[in-house]
Amino acid sequence: MAALIAENFRFLSLFFKSKDVMIFNGLVALGTVGSEELFSVVAFNCPCSPARNYIYGLAAIGVPALALFIIGVIWNNHTWNLVAECHKRGTKNFSAAATFLLFGSIMGRASVAPITWSVISLLRGEAYICALSEFIKPSSLDKFPAEYGAEVLAKFPCRDVPANLTKFRDEVTRRLKYESQLFGWLLLGIAVVLMFLTKCLKHCCSPLSYRQEAYWAQYRSNEDKLFRRTAEVHSRILAAKNVKQFFGFVALDKEEKELVQEFPVEGVQPSPQWNAITGVYIYRENKGFPLYSRLHKWAKGVEGNGPTPEGHELLFLAS
């Protein structure tokens, strides 16, 4: 039981793995704020019509948030690593709890932008006022004329009301904006508390020291940069060789000629090698020495994913 609990807690470290992630989340939030402001200025236009207000107001908050969430899932490398892992190896290497928390990591990262959108929308209040103005009970408004009903209340967000209802419109707007901002601050507070608790659990449950984790983050970043840069050069040289074989010559600029001369490319890597370095990676040690990535593991010739007498895995996923 203790081992299972430790396993589940360690997978909580999927969230906010490094300062780079925090910076990225901050940039996503700032970009979302700017997008929401632009949307409110350019696109938001309450219909001020009974039954339509509610649908439009909720759609103005929910649909962009849903779109941002889906985009966040698509842009998360863990999503496609998980897809590759399931396609090539299945989920046999993960317990049900670990798989659930891995999905939780993807969902958590993808939730940054939609939560930001929802918070800013609620703090601004326009969409909330548009959605709920028609549901204000006339009896809750002191001396509200009995001849007016939901149809007039639905027009309050557009300020298209008789002069004798101006003070009621201001009261309804103030009341709904108070509720909207209250929900916005509560949502923000809940998100921040969850972020703090996750960060604490991550450091408490991490099998690595702070310095080793920082080194691991640097290694992953450098490996990714060098891999992408090398792959770009390798693919360019290989393409040049194939074009030359087809046409008999290839038109290269000076820089490309130097690359072709400096880095001879004989062929391409076989599919098993690509499969070996693709997928979800859980931190692994072999004979006491850390393996920081699937590429590192492949380079050291370590086979398999399960624990062996010579090595063991710690449930700590690379971001």
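This passage walks through a few parts of a predicted model: the annotated transmembrane stretches, a nonpolar surface patch, one helix and a small hairpin.

A good place to start is the database record. The UniProt entry, which is unreviewed, carries the annotation "transmembrane region" for residues 21-42, 54-75, 96-117 and 182-201. Two of these stretches can be set against the model. Residues 54-75 come out as 100% helix and 0% strand, and the C-alpha atoms at the two ends sit 32 Å apart. Residues 182-201 are likewise 100% helix with 0% strand, this time with 28 Å between the end C-alpha atoms.

Next comes the surface. Leu66, Ile70, Ile71, Ile74, Trp75, Trp80 and Val83 together make a nonpolar patch of about 750 Å². Two helices, H3 (52-75) and H4 (77-88), each put in at least two residues. H3 has the largest share, with 5 residues of the patch. Ile71 is one of the patch residues and belongs to helix H3. Its relative accessible area is 38%, so Ile71 counts as partly exposed, and patch residues need over 30%. As for the spacing of residues along such an element, an α-helix has 3.6 residues a turn, so residues three or four places apart point the same way.

Helix H6 paints another picture. Running over residues 112-124, H6 is 13 residues long, and the distance from its first C-alpha to its last is 18 Å, close to the 18 Å expected at 1.5 Å a residue. Most of H6 is covered, with 10 of its 13 residues buried. The buried set starts with Val112, Ala113 and Pro114, carries on with Thr116, Trp117, Ser118, Val119, Ile120 and Ser121, and ends with Leu122. Right after H6 comes Gly125, which has a positive phi near 90 degrees.

Last up is the hairpin. Strand S1 spans residues 282-286 and is mostly covered, as 4 of its 5 residues are buried. S1 runs antiparallel to strand S2 (residues 289-291), and 3 bridges join the two strands. Within this pairing, Glu285 has Pro290 of S2 as its bridge partner. The hairpin leaves 2 residues between the strands, and Lys287 there takes on a positive phi near 55 degrees. Positive phi values thus turn up both at Lys287 in the hairpin and at Gly125 following H6.

Definitions and conventions
Residues numbered from 1 in each chain as written. Predicted model: local features only at pLDDT ≥ 70, side-chain atom pairs only at ≥ 80, totals over all residues. Heavy atoms only, no water. Buried < 20%, exposed > 50% of the residue type's maximum accessible area, 1.4 Å probe, protein only. Pairing = 2+ DSSP bridges. UniProt positions renumbered as here; feature names shortened; annotations may be inferred. Patch = residues over 30% accessible without salt bridge, like charges linked within 9 Å, V, L, I, M, F, W, Y side chains within 5 Å. Areas by Shrake-Rupley, 256 points an atom, 1.4 Å probe, with all protein chains shown as cover. Salt bridge = Lys/Arg side-chain N within 4 Å of Asp/Glu carboxyl O. Expected span 1.5 Å × (residues − 1).
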